[in-house]
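Here is a quick walk through a model you can turn around on your own screen. Keep the sequence open beside it as you read.

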Amino acid sequence: MASAGVATSDDCVKAFNELKLKHTNRYIIFKMTDDLSQIVIEKQGAPDATYDAFLKELPADDCRYAVFDFPFEVEGNPRSKIVFINWAPDTAKIRSKMVYASSKATIKSQLVGLAIEVQATDASEVDHSEVLAKCTAV
């Protein structure tokens, strides 16, 4: 069984750095390969993609990691923070939840510049208002 020894694809780090520095995407969704040996990119959202469009891309019954360049305003000033989401819905298989949980530190350590982390097991925990509250509280 795969464990914390899961590798992160170089493409994941490259795409994240482009999101962070060049804003080439609004979000990136990462998944495990079928043999659970590597974390790879599953989907990327265009710079004008909405948060709602991103949420629709998260599978209802499997785990994923994701980063979202979350825009918001503070006292009329536009800001954004890169949010890391560990999506582990209650309906996901136990093995998937275990592998994703044990590999989270691996991907997070390689994605330098994450501002907020959200651990989500259902849609209410990634609701726009919940993430906005986390972004503005820090």
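How many disulfides does the count come to? Zero, going by a cut-off of 2.5 Å between cysteine sulfur atoms. Bear in mind that this is a predicted model. Take C12: its nearest cysteine sulfur belongs to C63 and sits 16 Å away, so with a limit of 2.5 Å C12 is in no disulfide. Seen from C63, the nearest cysteine sulfur is that of C12, again at 16 Å, and C63 is in no disulfide either. As for exposure, C12 counts as buried because its relative accessibility is 0%, under the 20% limit. C63 also has 0% relative accessibility, so C63 counts as buried too.

**Helix 1**

C12 brings us to helix 1, which runs over residues 10-22. With 13 residues at 1.5 Å a residue, helix 1 should span 18 Å, and its end C-alpha atoms are 17 Å apart, so the two values agree. Which residues of helix 1 are buried? They are C12, A15, F16 and L19. These four lie on the same side of helix 1, because they cover an arc of only 100° around the axis. That spacing fits a general rule: an α-helix has 3.6 residues a turn, so residues three or four places apart point the same way. Turn helix 1 around to its other side and you meet D10, K14, L21 and K22, which are exposed.

**Two positive phi angles**

Past helix 1, in the loop that leads to strand 2, you find H23. H23 is not a glycine, yet its phi is positive, at about 55°. Most residues other than glycine have a negative phi. L36, in the loop between strand 2 and strand 3 (38-45), also has a positive phi, near 60°, and is not a glycine either. On exposure, H23 counts as partly exposed because its relative accessibility is 42%, while L36 has 16% and so is buried.

**The largest pocket**

L36 turns up again in the largest pocket, where L36, M32, D62, S96 and Y100 are the lining residues nearest the centre. The lining has 13 residues in total, and the space in this pocket comes to about 240 Å³. Which class has seven residues in the lining? The charged one, alongside four nonpolar and two polar residues. Strand 2 (27-32) and helix 3 (94-110) each bring at least two residues to the lining. Helix 3 contributes the most, with four.

**Two more places to look**

Helix 3 also holds Q110, which counts as partly exposed because its relative accessibility is 33%. K56 belongs to helix 2 (residues 51-57); at 72% relative accessibility, K56 counts as exposed. Each of these residues has a partner further along or back in the chain, and the table gives the separations.

| Pair | Apart along the chain | C-alpha to C-alpha |
|---|---|---|
| K56 and A123 | 67 residues | 10.0 Å |
| Q110 and D69 | 41 residues | 17 Å |

To wrap up with the cysteines: the count of disulfides is zero, and C12 is among the buried residues of helix 1.

Key:
Residues numbered from 1 in each chain as written. Predicted model: local features only at pLDDT ≥ 70, side-chain atom pairs only at ≥ 80, totals over all residues. Heavy atoms only, no water. 1 Å grid on protein atoms, 1.4 Å probe; cavity = no way out; pocket = protein on both sides within 12 Å on 5 of 7 lines; lining within 4 Å. Points joined across faces, edges and corners; volume = space filled by probe spheres on them. Nonpolar A, V, L, I, M, F, W, Y, C, P; charged D, E, K, R; others polar. Buried < 20%, exposed > 50% of the residue type's maximum accessible area, 1.4 Å probe, protein only. Expected span 1.5 Å × (residues − 1). Arc of directions from axis to C-beta.
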